[in-house]
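Hi everyone, thanks for coming. I'd like to walk you through a structure that may be new to you, so let's get it up on the screen.

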Amino acid sequence: MTTAMAPLPPEAAIDTASGLSAAQVAERIAQGQVNAAPDARSRSLADIVRANTFTWFNGLIGSLWVAMLLVAPIQDSLFGFVIVANTAIGIIQEWRASRTLAKLAVIGEAKPAVRRDGTDVEVSPHDVVLDEIIVLRTGDQLVVDGIVVEADGLEIDESLLTGEADPVSKSVGDGAMSGSFVVAGSGLYQATRIGKDSFAAGLTEQAKKFHLTNSELRDSINGFIRGISFMLVPVGLLLLWSQLVRAELPVDEAIRGTIAGVVTMVPEGLVLLTSIAMAVAVIRLAQKKVLVQDMPAVEVLARVDTICVDKTGTLTEPGMRVRDVVDLGGAGATGDAFDLPATLGAMGASEANPNPTLEAIATDYADPGWRATETVPFSSSRKWSAATFEGRGTWLLGAPDILAADDATVRERAEALAADGARVLLLARGTGRPSAERGPGPLEPAALVVINQQLRPDAAQTVAYFLEQDVTVKVISGDNAATVGAIALQAGVPGADRPVDARELPSDQAALAEVLGSASVFGRVTPAQKQEMVDALHLRGSTVAMTGDGVNDVLALKNADLGIAMGSGSGATRAVAQLVLLDNKWSVMPSVVAEGRRVLGNIERVSDVFLTKTSYAVVISLVTGLFAVAFPFLPRHLSLIGALTIGVPGFFLALMPNTERFRPGFLRRVLLFAVPSGIIAAIAALTTYAAVTSMLLADGLTEEAARTTAQTTATTSLFIVATAVLLQSARPLNLLRIGIVALMAACFLGVILIPWLADFFSMNLAWDVETLIAVVAGAIGAVLVWAVSLVTDRWRRQ
C-alpha cells in the first residue's frame, strides 16, 4: 500500500471568495511556482533521436559498416546506408506521432477550475500556481496536493494512490492528494504542493517512464533479438576463423564474408517497422479524433475479445429530458400538502455540480429559491441524494428500488415505466435525517420522475460490428436493470431480454466469472462491482476493453486491458483511460479496433519474412564456418535480397488492411513458419553454391572465377525461395499484394538484365546450365515453402 505524503500548510492566507489576484498569480509565475509536472507519455525530440540512434544494434552494425568501408567496395556497404535511412524514418515518424498526440492532448486534457479575482476560470493543469484556490466538482481529478478550505458533502476517492477502496469524506483542513478524484459533493482546496513536489508527480517520476510500447509483440521481438545477439559473437568468430585459417582467404575477403553473415542475422528492420506501424496508427487514430494516451493501447485494440460499455453516454445520447412525473398520492402519510414542481426545482438546484439527471430536472423545473440547510450529494455507490430545506422539510431523490426497497407497489410501477428504457427516479419526503453514513432513513414516496434516454442512432450498428468480429459486448450500468435491458435490447445486445440485477451477484470471483459467461446485461452495478467484473472477465481469459464517461467508471477503466473514455467525460475518467474519444462518438470504435488489428496482424505478417532471413543467415553462417568454405554471398547480394524480399515489400504490407484479431503466442506462430522456411532457403542456396562451384572447378576455371559465378547463382536461388516466403506471408492474396511481389521480382530481373546494375551488384548471370541449376533449386525450395505453410498454418491456428 502506498503511503501518502502529509500536505504542507498553506504559505499564504488567501480569501476563498476571491482567490488569487492577477498580480499574485504573475508573482508566482515569475518565481517559477507553477505546476510543471513531468509528462509520463511524451519525450523531447532529443530523446527520440537518442533512443532511435544509440541502440545496441546500431552500434554493432555501425562498427561493421566502418570496417566494411575500409576493406570492400561501396556496394558491399549498402547495409549501413539502409540503417541510416531506417533510423531517420523512425525518428521522423515518432516525432510526427508525438506532435500529433501533443496537439490532441491539449484538446482532451481535463482543465481544473481555479478562483482568481473572484471568478472561477478553467486553466491548463500546468498553469496552476502555488496557493491557488481550486474548485472541486464531482468527477474532477485533483492536479496538485492541497488543503481543503471548503467542503459540501465532499467525498474523494484515493484508491488509485493508496489502494483504499472506499471514498474518503473530506472536511475543512483535511489534506487532498493529486491523482485522487471527487466522487460526490463539491468544495474548494488550496494548492500546497505543485509540480514535481506533488504526490502523483512523484509516482510519475518513479514508475511511469516513457515507453513506446510494453506489449507481447514488442517483448517477443526484443526477446528474439536478445537470443540472436548472444549468437553473433561466437558465430562471427567462427566465420572469421574459418575464412582466414581454414579456407585461407585474403584478409579483406574473410572480413567481408564474416560481416555479411553477421549483419544478415540481425532483424534490425523489424523493430523499426514495428515502431513505424505503431506511430502511423497513432496518427491515423488522431485523424479520427481518438487520443492515444498510451502506445500499448494499439496492440490491445487488436486483442480485445470483450468490450464492456456503460449505458449512459455510450449507448445513449448525451443529455436527458424529463418526460413525465407521476404523482404517487401527493401529501403522503403526514397529510402535508406540497408543491411538486417547486420541490423538483429545489432538488435540481440543491447541488452546485449536479449530475446529468439533476441537470435534466433543473432544466424543466425552475429553482423556487428554497434555502438548503443540509444536503447529501448524489453518489454512484449510494444511488440517491437528499436535501433539507428551511421550512420545507427533507426530500430525497434516487433509485426507486433503493429508496423504496420495502414498497413493492412503488417498485413495480417504476419498473413498468422503465420498460422502454427510460430512467425512473423516486422523489420522497424524508421523515428522518438522511446521511451518507446512516443511509436515507424512513421516507414517504411522493412521485416518480420519468427521464428520457435516447439510443444513439449508430449504437445498433456498432454493436453489430463487434458481434461480427467475435467481440462479446457486455452492458454494465448503475441504472435499473430493466432500463438497462430495454436500451441494450434496442441496441441489439444478445441476452438483453435477461438483464441481471448486480445486487444479486456473488462476491466470489470464480462464481462471478461464471455469471459473466452466461449474461451480458447488468444493472444496479456499483463502481466497485464494475472493477470486480473486469477482474472476473480476466479470470475467464478475456482481453477486456471498458468504455465509460462518469467518475463511477474510473476504477473499472483502470483495471481493464484497455480503458476508453468519452471526451465529454469526467476529468478523472479521461486521465486514467488509454484512449479518449474526443468527439464522443462510440461509432468510431469499429474503425479504432480495425486500426489495431491492421497494425498487429501486419507486423506478424512481416515478422515471417524478417525471422526467415535470420534463420537462413544463421544456417548459412554455421555451415560456412563448420565446413570452412568461402562465404557464398557478397554483402551486396544479401542487401539486394533483403531490400526486395523484406524491406520494401514489408513496409507496404505493414500498412495494408488486416481484420484478423491478434492472438497470444505471436513469437511461437512466427517461428513455426520462419525456422523451417529459413532452413529450406539456406539448403537451396548452399546446394546451388556447392553444385555450381564443383562443376566450374571440374571445367578448369580458377577458384576465384568459380566462386564469383557460384555466388551469383546462389543469390538467385535464395531470392526465389525468399520471394516464395514473401508470397506466403502476404496472404490472403489480392491484386495489390500480388502486384507488390511481382514488382519485386521484376526489380530483381532488372538488376540481372541491366548491365550497369548487374555490374554494381555483381550479378552478371549467363543463361547457361549453372543458371538452370539455380532456378531449379530455387523452385524446389519455393514448393517446399508452400508445403511447409500448409502444415504450419494448421499448427499456428491452435
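I'll begin with the overall picture, then go through the core, one helix, the charged pairs and the rings.

Okay, one thing up front: this is a predicted model. The protein has 798 residues, and 55% of them count as buried. Its C-alpha trace spans about 120 × 60 × 40 Å along the principal axes. In secondary structure we have 28 helices and 21 strands. And if you take contacts between residues at least 6 apart in sequence, 73% of those join residues at least 24 apart.

So, the inside. The largest nonpolar core has 129 residues. Which of them touch the most other members? Those are I307, L315, F466, L562, L579, W586 and M589. Helix α22 gives the most to this core, with 14 residues. There's also a second, separate core of 26 residues, and V500, M533, A536 and A560 are in that one.

Let's zoom in on L315 for a second. Setting aside neighbours within four places in sequence, L315 is in contact with a whole list of residues, including V309, Q454, V463, V475 and W586. That list also includes I487, A488 and A491, and those three are among the buried residues of helix α17. That's my excuse to go there next.

Helix α17 runs over residues 481-491, and it's mostly covered: eight of its 11 residues are buried. Besides the three I just named, the buried set includes A481, T483, V484, G485 and A486. What do they pack against? Two helices, α11 (311-315) and α16 (459-468), plus the strands β14 (423-430), β16 (472-476), β17 (500-501) and β18 (521-523). Now look at the ends. At the N-terminal end, N480 is the cap, with a side-chain oxygen 2.8 Å from the backbone nitrogen of A482. After the helix comes G492, and its phi is positive, near 85°.

On to charges. The count comes to 27 salt bridges, and I've picked a few. First, K530 and D553, with 2.5 Å from N to O. K530 is in helix α19 (residues 527-539), while D553 sits in the loop between β19 (544-548) and α20 (554-559), so this pair ties together parts that are 23 residues apart in sequence. Are these two buried or exposed? K530 is buried, at 0% relative accessible area, and D553 is buried at 0% too.

Next, E595 and R284, whose side chains meet in a salt bridge at 3.9 Å, N to O. E595 belongs to helix α22 (residues 589-627) and R284 to helix α9 (residues 268-287), so here the bridge ties together parts 311 residues apart in sequence. E595 is buried, with 6% relative accessible area, whereas R284 is partly exposed at 28%. And remember α22 from earlier: that's the helix that gives the most to the largest core.

Two more quick ones. D140 bridges to R137, with the closest N and O atoms 3.0 Å apart, and D140 is buried at 15% relative accessible area. Then there's a network of salt bridges linking D401, D501, R503 and R524.

Last stop, the rings. The structure holds eight aromatic pairs. One of them is W65 with F81, edge-to-face, 5.1 Å centre to centre and 75° between the planes. W65 lies in helix α3 (residues 56-71) and F81 in helix α4 (residues 78-108), so the pair ties together parts 16 residues apart in sequence. W65 is buried at 18% relative accessible area, and F81 counts as partly exposed at 42%. Then F651 and F652 make an edge-to-face pair as well, at 6.0 Å and 85°. Of those, F651 is partly exposed at 30%, and F652 is partly exposed at 45%.

Ring pairs also link Y465, F466 and W586 into a cluster. You've met F466 and W586 already, on the list of residues that touch the most other members of the largest core. And there's one charge-over-ring case to show you: R382 lies over the face of W384, 5.9 Å from the ring centre.

That's my tour. Happy to go back to any of these on the screen.

Conventions:
Residues are numbered from 1 along each chain as its sequence is written. This is a predicted model: local features need pLDDT of at least 70, side-chain atom pairs count only at pLDDT 80 or more; totals for chains, interfaces and linings use all residues. Side-chain values use heavy atoms; hydrogens and water are left out. Rings of Phe, Tyr and Trp (its six-membered ring) pair if their centres lie within 6.5 Å; planes under 30 degrees apart count as stacked, over 60 as edge-to-face and the rest as tilted. Helices (H or I, at least four residues) and strands (E, at least two) are DSSP runs, numbered from the N terminus. Buried means under 20% relative accessible area, exposed over 50%, partly exposed in between (1.4 Å probe, protein chains only). A charge sits over a ring if NZ of Lys or CZ of Arg is within 6 Å of the ring centre and within 35 degrees of the ring normal. A salt bridge is a side-chain nitrogen of Lys or Arg within 4 Å of a carboxyl oxygen of Asp or Glu. Contact means heavy atoms within 4.5 Å. A polar contact is a pair of N or O atoms within 3.5 Å; within protein, one must be able to donate a hydrogen and the other to accept it, and residues adjacent in sequence count only if both atoms are side-chain atoms. A nonpolar core is a set of buried Ala, Val, Leu, Ile, Met, Phe, Trp, Tyr and Cys residues joined through side-chain atoms within 4.5 Å.
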